[in-house]
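Trainee: I should like to go through this model with you, one question at a time.
Mentor: Certainly; please begin when the structure is displayed.

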Protein chains: 4
Amino acid sequence: MSLATETLGFIGLGRMGGPMTRRLIDAGHHVVVYDTRAEALADLPADKVTIAASPAEVGAAARVVICSLPSPAILSSVILGEDGVAAGSAVKIVIDVSTTGPTVASSIAANLKEKGIAFVDSPISGGLAGARGGTLAVMVSCPEATFTEVDPILANFGRRFYCGDAPGSAQVAKLGNNMIAAAVILLSAEALAMGVKAGLDPRVMCDIINASSGRNSATQEKFPRSVLPGTFDFGFTTGLSYKDVRMCVDEAENLGVPMVGGALVRQMLAATKARFGADSDFTSMARIVEEWAGVEIRDRA
Amino acid sequence: MSLATETLGFIGLGRMGGPMTRRLIDAGHHVVVYDTRAEALADLPADKVTIAASPAEVGAAARVVICSLPSPAILSSVILGEDGVAAGSAVKIVIDVSTTGPTVASSIAANLKEKGIAFVDSPISGGLAGARGGTLAVMVSCPEATFTEVDPILANFGRRFYCGDAPGSAQVAKLGNNMIAAAVILLSAEALAMGVKAGLDPRVMCDIINASSGRNSATQEKFPRSVLPGTFDFGFTTGLSYKDVRMCVDEAENLGVPMVGGALVRQMLAATKARFGADSDFTSMARIVEEWAGVEIRDRA
Amino acid sequence: MSLATETLGFIGLGRMGGPMTRRLIDAGHHVVVYDTRAEALADLPADKVTIAASPAEVGAAARVVICSLPSPAILSSVILGEDGVAAGSAVKIVIDVSTTGPTVASSIAANLKEKGIAFVDSPISGGLAGARGGTLAVMVSCPEATFTEVDPILANFGRRFYCGDAPGSAQVAKLGNNMIAAAVILLSAEALAMGVKAGLDPRVMCDIINASSGRNSATQEKFPRSVLPGTFDFGFTTGLSYKDVRMCVDEAENLGVPMVGGALVRQMLAATKARFGADSDFTSMARIVEEWAGVEIRDRA
Amino acid sequence: MSLATETLGFIGLGRMGGPMTRRLIDAGHHVVVYDTRAEALADLPADKVTIAASPAEVGAAARVVICSLPSPAILSSVILGEDGVAAGSAVKIVIDVSTTGPTVASSIAANLKEKGIAFVDSPISGGLAGARGGTLAVMVSCPEATFTEVDPILANFGRRFYCGDAPGSAQVAKLGNNMIAAAVILLSAEALAMGVKAGLDPRVMCDIINASSGRNSATQEKFPRSVLPGTFDFGFTTGLSYKDVRMCVDEAENLGVPMVGGALVRQMLAATKARFGADSDFTSMARIVEEWAGVEIRDRA
Ligand SMILES: NC(=O)C1=CN([C@@H]2O[C@H](COP(=O)(O)OP(=O)(O)OC[C@H]3O[C@@H](n4cnc5c(N)ncnc54)[C@H](OP(=O)(O)O)[C@@H]3O)[C@@H](O)[C@H]2O)C=CC1
Ligand SMILES: NC(=O)C1=CN([C@@H]2O[C@H](COP(=O)(O)OP(=O)(O)OC[C@H]3O[C@@H](n4cnc5c(N)ncnc54)[C@H](OP(=O)(O)O)[C@@H]3O)[C@@H](O)[C@H]2O)C=CC1
Ligand SMILES: NC(=O)C1=CN([C@@H]2O[C@H](COP(=O)(O)OP(=O)(O)OC[C@H]3O[C@@H](n4cnc5c(N)ncnc54)[C@H](OP(=O)(O)O)[C@@H]3O)[C@@H](O)[C@H]2O)C=CC1
């Protein structure tokens, strides 16, 4: 069986995992899938997937199993719990594409190592569009030999960035990225609220910043798409962003890196969560600044 | 005389103003120049420039005069002082391309208006390379008719962004941009210091962030070029950045816009200035974070 | 004429200056007074005061003149302007008890020195009650000989603290004090909002803090008197506190002292001003925290 | 047996627990003690104490057992572990006087309740001097009836503050207090560094602040005793203060209370820990400000 058509396992076919599984199928892989939510497994081409009854069944059917799950606790139990992936006899490599932080990555890696299973810590960035189009940024930390082996599989998802063999270091890269992604929403909101109060059209001001040294993902995408039209629907929740930034600052503190900027962003996300709810879009952080400034950062009629 | 070859005035042929004057000459303009520093006026093609003995002489020789000067106070005195530009009988439009803040822009505009002279507030972004290549971002606020008139001249410098007719609003856009540009140095330093302590190669981490949602001008240019190699020579001083961010936060406060993020960045620049001097490169802000974290964010040997 | 009954000048009989003038009268001084507001001069014992028609008339009638005025600009014009105190022939010492910052103090001192007049920079703390009872903290900077001379007069107002002969250093002490006084409102609000959400009675929690290492003027006075009862009427406006903290952070930056804490408090006061108005009581800063936390820090019914 | 002479248990005779045990002995109680460190149990009057071989033995000998231990994990295992206090048949009330945070307090309380044992969450403030002199602030949360019962015992330690019956609420009060106690070190350092740079004697400036609205425990005690003399020996470590403030901000976030001030202090303590070590005195936070400002806040020679 050639690598390109090797049977793979995939657990967690949610907003990201679903389209990623389809990309593997489209590339010719047969995929053994598992999800607690039945709907997640509907609509899959019956001849190319096998629906497993437990994570252990996935581990019994595939040498490489990929997980895309919502929290560190769920990840742990899916991999190491009773009826978990590791209970399967076929599995040799587990790839985690969730953002779960470096602490759990290290402990799972150590645990699997004892069982002769390699753990690949592989968080991704790029949203739904990236998952569908195979244009994600794929961070990877694992032993170098394992990386060589899984790289062709990960290539279906997007561009790979090898982060070394320390378990969790890809998670650290991801947390740092997400902290900055949240921070620039705050800073851009401050700058744009000032601009609006001074009479500027915020769309013109975004264009200016994007052509200048202040350019960032918030002025390039988030404000034009979700704040200026007032839709606040970028697609990432305040609750998740807060969780990531909180993990980031905690991890930094554990490593001995004070983060005065990151800590402020974390509190502003906490304020956003308190004011607009965990399910609000994380671009709602701009509304905290708007309320203080008494102005809305919106397109002109 | 066609607009394209109209004689223009230029005052302040410094790091930015020098190359900008050359672009005007290359486009076919004759330029009447003035600078307090004799060297700034050396090396200019004698047949295409006239060296004036005072700002007033420039104002006497050209209908449109451009200023690129280091501070609001100098700008005011060059335009409105004894022997200032406004004392010349030819001048009808004064264009200021410096970053001098909205307050002085408004007061100069009002003052010139009484004398029948239009003021164009036109700060620029894009550094030395942009000034030489004509690829600057050129923000413009002035009456709409005046904008139509000066646009072909400003086109020599780069892409124009019209910010409306409120005097100073282009300056507000510029200050907002510069605040964000400084802020992302701090945030990127925090994220990268964490990464280095977790075992990541900071260049790989920059690549990851630039392919992900955290991308910004610091991870795209400043860190790869001036922090990772340890040169700290990006080309903008801590003193100037601090001045800009200070003006930004003050202006925001005047407009009723609290800037918790901007205010923190301002203090970190103040700390950088105290620790490394006003003449240090503003990428030195990363070194404050490095010292705290006890780690250097450098390329691997 | 003995020092204790020497005729004195007093300009600015506002909330602080009014009761301070009365204390001088009660101590046996005759006082020449001036205020732009007629009501401020009503109700004074006619035999013990002389109402002047201008600051200059006060300077013509008294060797020592005290000013209690709302802003640096007004102070300057009252002392140095046309018809200002310095135009009077009798005046030899001018005492400023307002909070006007070190910059204006230095420039007035230099200006008066040329005219042979000593300037005493003497901001006060202790509020209305302190002004009435003569229990203010009186900070003083001026040449040592001048201090010896004015000390018996200042003794009518409260306890004196000699800050040295550098003009403005008493103002610096006052600004530092006021910054801390505002900061502890923010920090106490954060701690108490947490307590209330955890089920604590905020008055008990204030008692605990006041008996422990967190004690400060906010938990000792401001919360018990103006926040817990929900009256927000401590007697110092958000606008004035913001002005003071802004001057403090600016002055610190000028001196090369980064103030990450002070800068945050300044922005929170700016937010309070934007949200509740400059005339709101500065204890309203607690309401910003309350709104974020979705809880009120109030006495139980 | 009268309450005043009832046999009590005490576990953890450290810096705080040692002197507290002595106060109980002096009040006439017989005390059954346990500590892992033999020296902690030396020097006790042999006729008034019984040295137990395990926490369980303490629980077998006394109805009321008091714990003063360094961490939540140790507390849990000492109370609930094998050979823990709860394994003893006599124990009916466990009092915890450590600062361990509300989370562990709640879980221990629930656990003991099932065993018919009441848990009293009773953190203290006041340092060594307070422990020796019986002048601690003693915060207490537990059922009201239990409070009535233990109050005479706690009276030996200092003034009691009843915080209600929600387990952990006394811990919340303590965390809030400790956050403020750390914060005022930062703010006072900023104000005093400014003062020193402006020529003020920092001891005079402390006196001024203490007579004015900025007064707080840092200007009243910590700076005069440990910063101005340059000894940095107040007696509480950076590591412990950081742990407390970290728990405080985390707990506040859990409760939905954003703490922009507290979060900044936490990062400054993290910076202090990174720069001067976890064992440095927490007044060393002032040195971070000193280094930035390039000035020392010290008594004049
Ligand atoms: N450097 C950059 O990357 C950017 C700078 N800017 C802004 O552009 C402005 C100019 O910057 P930059 O070119 O770097 O500054 P420079 O200091 O290099 O240039 C200013 C020039 O003006 C001259 N000058 C000073 N005072 C007078 C006067 N009274 N009359 C005539 N000439 C005078 C200066 O001479 P002397 O040296 O003798 O003072 C110098 O030649 C600033 O406001 C800056 O913030 C905007 C975007 C990018
Ligand atoms: N209030 C407080 O608790 C404390 C205040 N301070 C400081 O003391 C100073 C005074 O405060 P406060 O007494 O509250 O202020 P007020 O505004 O009550 O008093 C100022 C007085 O000066 C008068 N005045 C204004 N302009 C002039 C002028 N050109 N010539 C003569 N008189 C004039 C005012 O009249 P009009 O109303 O017409 O302007 C008013 O009667 C301020 O700098 C403040 O920061 C210091 C410590 C505590
Ligand atoms: N120090 C202070 O100023 C204040 C401290 N607190 C809080 O009080 C608590 C205790 O502080 P402090 O007295 O300074 O701490 P110490 O470390 O001095 O005292 C703790 C004592 O418990 C002993 N111990 C540790 N583990 C065990 C165990 N498993 N079984 C029995 N004994 C054990 C320790 O021994 P060993 O040394 O061998 O670990 C030590 O003798 C902490 O939670 C602290 O936060 C509260 C207010 C003020």
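Trainee: How do the residues of the shell around ligand 1 divide into nonpolar, polar and charged?
Mentor: This is a predicted model, in which local features need pLDDT of at least 70, side-chain atom pairs count only at pLDDT 80 or more, and totals for chains, interfaces and linings use all residues. Residues are numbered from 1 along each chain as its sequence is written, chains are lettered from A and ligands numbered from 1 in the order in which they are written, and side-chain values use heavy atoms, with hydrogens and water left out. Ala, Val, Leu, Ile, Met, Phe, Trp, Tyr, Cys and Pro count as nonpolar, Asp, Glu, Lys and Arg as charged, and the others, Gly among them, as polar. The shell thus divides into nine nonpolar, seven polar and five charged.

Trainee: Which residue offers a polar backbone atom 3.0 Å from an oxygen atom of ligand 1?
Mentor: The side chain of Arg37(B) places an N or O atom 2.8 Å from an oxygen atom of ligand 1, and for the side chain of Thr36(B) the distance is 3.5 Å. The polar backbone atom at 3.0 Å belongs to Thr99(B).

Trainee: How much of the accessible area of ligand 1 does the protein cover?
Mentor: Accessible areas come from the Shrake-Rupley method with a 1.4 Å probe; for residues, only the protein chains shown count as cover. On its own, ligand 1 has 890 Å² of accessible area, and the protein covers 81%.

Trainee: What area is buried between chain A and chain B?
Mentor: The contact (heavy atoms within 4.5 Å) takes 59 residues from chain A and 61 residues from chain B. Buried area is the accessible area (1.4 Å probe) that two parts lose on being put together, summed over both. Carbon and sulfur atoms give 71% of the area buried here, which is about 4900 Å².

Trainee: Which residue of chain A forms a salt bridge with Glu221(B)?
Mentor: A salt bridge is a side-chain nitrogen of Lys or Arg within 4 Å of a carboxyl oxygen of Asp or Glu. Across the interface of chain A and chain B there are two salt bridges. In the one with Glu221(B), at 2.5 Å from N to O, the partner is Arg215(A).

Trainee: How many salt bridges are counted between chain A and chain D?
Mentor: That contact takes 18 residues from chain A and 18 residues from chain D, and the buried area is about 1300 Å². The side chains of Arg246(D) and Asp250(A) meet in a salt bridge at 3.4 Å, N to O. The count between chain A and chain D is six.

Definitions and conventions. Polar contact = N/O pair within 3.5 Å; in protein donor to acceptor, adjacent residues only side chain to side chain.
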